[in-house]
Amino acid sequence: MKIEQLSHLCGVLESGSFTIAAQKFFINEADMKESIISLEIEFGIKLIECDDESKVVPSFECLQIISHIKEIVRNCREIEEEIKSLHKKSSVNTMYDVSMF
């Protein structure tokens with residue numbers, strides 16, 4: 001399981017569409033579907049279904065775990081932002097330290 005796959009799942013469920021989610025992640029629809037299928041195989045459960053209007057909806061099993069998945073994705077994004085912030089701070093400190101000499 002990769003964070004990217006979990007993000008893809010959230011994107012598909014939020015948009016209700018493989019096409020829209022794929023555009024959001026700058027990948028093609030086939031790769032988006034493959035990402036979700038790989039997760040389904042790894043988890044051993046169906047994660048999404050299509051309703052009568054071809055809209056993607058979460059399966060019953062997915063509904064049981066989606067809040068955890070969203071939390072993981074949200075936490076990973078927060079970590080990424082914190083790391084970016086640390087890089088900016090360390091760049092400033094590095095420039096400051098160098099200028100002292």
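**Figure 1. The K84–E81 salt bridge in helix α4 of the predicted model.** K84 forms a salt bridge with E81, and their closest N and O atoms are 3.7 Å apart. Both residues belong to helix α4, which runs over residues 60–100. They are three residues apart, or about one helical turn. An α-helix has 3.6 residues a turn, so residues three or four places apart point the same way. K84 is partly exposed, at 48% relative accessibility. E81 is also partly exposed, with a relative accessible area of 48%.

**Figure 2. The K33–E29 salt bridge in helix α3.** The closest N and O atoms of K33 and E29 are 3.5 Å apart. Helix α3 (residues 29–43) holds both residues, four residues apart, about one turn of the helix. K33 has a relative accessibility of 35% and counts as partly exposed. E29, at 32%, is likewise partly exposed.

**Figure 3. The E14–K24 salt bridge between helices α1 and α2.** E14 and K24 form a salt bridge in which the closest N and O atoms lie 3.8 Å apart. E14 is in helix α1 (residues 3–15) and K24 is in helix α2 (residues 18–24), so the pair ties together parts that are ten residues apart in sequence. E14 is exposed, with a relative accessible area of 56%, whereas K24 is partly exposed at 46%. The count of salt bridges in the model comes to three.

**Figure 4. Helix α1 and the glycine that follows.** Helix α1 has 13 residues. From its first C-alpha to its last, α1 reaches 18 Å, close to the 18 Å expected at 1.5 Å a residue. The buried residues of α1 include Q5, L6, S7, H8 and L9, and C10, G11, V12 and L13 are buried as well. Just after α1, G16 takes a positive phi of about 75 degrees.

**Figure 5. The largest nonpolar core.** This core has 18 residues. Those with the most contacts inside the core are L9, V12, L13, F18, I48, I66 and I69. Helices α1, α2, α3 and α4 are the elements that give two or more residues to the core. The largest share, five residues, comes from α1.

**Figure 6. Surroundings of L13.** L13 is a buried residue of α1 and is listed with those that have the most contacts inside the largest nonpolar core. Leaving aside neighbours within four places in sequence, L13 is in contact with I48, V56, V57, P58, C62 and I66. Of these partners, I48 and I66 are also listed with the residues that have the most contacts inside the core.

**Figure 7. S35 of helix α3 and its contacts with Q5 and H8.** S35 lies in helix α3. At 9% relative accessibility, S35 counts as buried. Not counting residues up to four places away in sequence, S35 touches Q5 and H8. Q5 and H8 are both buried residues of α1.

**Figure 8. F26 in the loop between α2 and α3.** Phi of F26 is near 60 degrees, a positive value in a residue other than glycine. Most residues other than glycine have a negative phi. F26 is exposed, with a relative accessible area of 77%.

Methods:
Residues are numbered from 1 along each chain as its sequence is written. This is a predicted model: local features need pLDDT of at least 70, side-chain atom pairs count only at pLDDT 80 or more; totals for chains, interfaces and linings use all residues. Side-chain values use heavy atoms; hydrogens and water are left out. A salt bridge is a side-chain nitrogen of Lys or Arg within 4 Å of a carboxyl oxygen of Asp or Glu. Buried means under 20% relative accessible area, exposed over 50%, partly exposed in between (1.4 Å probe, protein chains only). A nonpolar core is a set of buried Ala, Val, Leu, Ile, Met, Phe, Trp, Tyr and Cys residues joined through side-chain atoms within 4.5 Å. Contact means heavy atoms within 4.5 Å. The expected span of a helix is 1.5 Å times one less than its number of residues.
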